[in-house]
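Here is my note on the model, set out as numbered points for reading beside the sequence and the coordinates.

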Amino acid sequence: MMKSTVISISIAVLLIIGAFALAKNNSNGSLENGLPANNVSIENGVQIVQIRAKGGYQPRISNAKAGLPTILRFNTNGTFDCSASVIIPSLKISQFLATSGSTDIDLGLQSAGRLQGSCGMGMYPFEINFSN
């Protein structure tokens, strides 16, 4: 009886510590996958949309500004699944990503609207919503 109480209290303490650790990681604006909460930034007048590719794409939906030169940057880390192959049909883009590291795809200037892409087999979709 005493042993099961000690185990239960230990598990409860571990769960509480884990909850605090997760809350702390999210309080600085980052996601679990290491990408900033806002995955779109502007560097030297170029908009960069960062997406993590492994077992799908994170975030799956991004919001960006229309009318800016845009780079779509895929970050990979030991990515060997379908998400290592990206297709964006409307731009006739089909590209394999580096297994680990980052791969940039120049999207040029995009007008307002939705740009959709997926992995090579279409299993993992992603989209970028461009707005004015």
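1. How many helices and strands make up the secondary structure of the protein chain? The chain has one helix and ten strands, where helices (H or I, at least four residues) and strands (E, at least two) are DSSP runs numbered from the N terminus. Along the sequence the order is α-β-β-β-β-β-β-β-β-β-β.

2. This is a predicted model, in which local features need pLDDT of at least 70 and side-chain atom pairs count only at pLDDT 80 or more, while totals for chains, interfaces and linings use all residues. Residues are numbered from 1 along each chain as its sequence is written, and side-chain values use heavy atoms, with hydrogens and water left out.

3. Of the 132 residues of the protein chain, 32% count as buried (buried means under 20% relative accessible area, exposed over 50%, partly exposed in between, with a 1.4 Å probe and protein chains only).

4. There are three aromatic pairs, counted where ring centres of Phe, Tyr and Trp (its six-membered ring) lie within 6.5 Å, with planes under 30 degrees apart called stacked, over 60 edge-to-face and the rest tilted. One of them joins Tyr57 and Phe126 edge-to-face, at 5.0 Å centre to centre and 65° between the planes. Tyr57 lies in strand S3 (residues 57-58) and Phe126 in strand S10 (residues 125-131), so this pair ties together parts 69 residues apart in sequence.

5. Phe74 and Phe126 also pair edge-to-face, at 5.6 Å centre to centre and 75° between the planes. Because Phe74 lies in strand S5 (residues 69-77) and Phe126 in strand S10, the pair ties together parts 52 residues apart in sequence. Phe74 is buried, with a relative accessible area of 0%, and Phe126 is buried at 3%.

6. Tyr57, Phe74 and Phe126 form one aromatic cluster.
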